[in-house]
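Me: Please examine the model shown here and explain the reasoning behind each assignment.

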Amino acid sequence: MTAIEDRPEAPLLVADRLTKAYRLPGGDRVSAADQVSFTVARGGSLGVVGESGSGKSTVARMLVGLVRPDSGTVAVEGRDRAARPPALGRARAAHRLARAREIQMVFQDPYVSLDPRLIARQCLRIALRLHGRDTGDGRIAALLDQVGLGAREAGARPHELSGGQCQRLAIARALAVDPRVLVLDEAVAALDVSIQAQILRLLDEIRRDTGVALVFVSHDLAVVRHITEETLVMRRGTVVEQGPTGRVLDTPEHPYTRLLLASAPRRGWDPADAVRARARAEAA
Ligand code: ADP
Ligand code: MG
């Protein structure tokens, strides 16, 4: 047997052949994810890109356990997240909380994911208490500070905060339990471009400071280019291309990735080119 220190470092997160089909009311099945596999290193960052309906959210939800895969596994530090929990009530609850601490999720709309009745400080205190963590004022202030929120925001409810501030609070709540992985599903999509840039910089800082790994789901290639080292491109539930973000976005190998790039508005962009590129891709 090889000693741990002799082994090349194992990936932090391993998604292996994740597959999920939804049954539609008429009886038809739609394949939302088909054999989706990837790994993320400790403190690494993976972008998951693709058009609306390509299966990105389904994959994100399978990672955190909100959607149960039809087949395939998710493992963190070599532990299968679907492993059977203990039978006893208290041990079972502890097991679930421990799993929740491994991977935390941030959603697109913080006004939906945050409780409107709670001021920011209470929101964080409840998350900390649930996981048996230090709920002291010092810890809460440090968490708020980590996401760039101050004393004024600490006493505010979600509707008294801007969209960007709310998303900072949602990120602080996710970080409260020191997760190994943060999954962000279109987490900046609803924000103004300048606020998006601030949140992306914040996430990058947090990744460097805490070593949390990021899985960044986005339809926006520019966002993924800024924040991720690796990128995975999804189309109709399947991975068409994956690799280092610069390589995938600068010299895409798959026609669909080229189509996505051609469709993204930029300087000198002509919508007619994007329409033609799509017609060619659909015909292929
Ligand atoms: P994305 O996040 O890339 O927009 P989704 O994962 O949300 O993609 O959806 C992938 C496919 O699965 C789409 O065809 C979508 O309509 C379908 N789908 C997603 N969630 C459900 C659901 N709960 N029930 C039925 N179909 C769903
Ligand atoms: Mg989605």
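Me: What makes the approach of Ser 57 to ligand 1 a polar contact?
Reply: A polar contact is a pair of N or O atoms within 3.5 Å; within protein, one must be able to donate a hydrogen and the other to accept it, and residues adjacent in sequence count only if both atoms are side-chain atoms. A backbone N or O atom of Ser 57 lies 2.9 Å from an oxygen atom of ligand 1, so the pair meets the cut-off. For Thr 58, a side-chain N or O atom is 2.6 Å from a ligand 1 oxygen.

Me: On what basis are these values given?
Reply: This is a predicted model, in which local features need pLDDT of at least 70 and side-chain atom pairs count only at pLDDT 80 or more, while totals for chains, interfaces and linings use all residues. Residues are numbered from 1 along each chain as its sequence is written, chains are lettered from A and ligands numbered from 1 in the order in which they are written, and side-chain values use heavy atoms, without hydrogens and water.

Me: Why is Cys 166 not counted in a disulfide?
Reply: A disulfide is a pair of cysteine sulfur atoms within 2.5 Å. The closest cysteine sulfur to that of Cys 166 belongs to Cys 123 and is 9.5 Å away, therefore too far for a bond. The count is 0 disulfides.

Me: Why is Cys 123 called buried?
Reply: Buried means under 20% relative accessible area, exposed over 50%, and partly exposed in between (1.4 Å probe, protein chains only). Cys 123 has 9% relative accessibility and therefore counts as buried; Cys 166, at 0%, is also buried.
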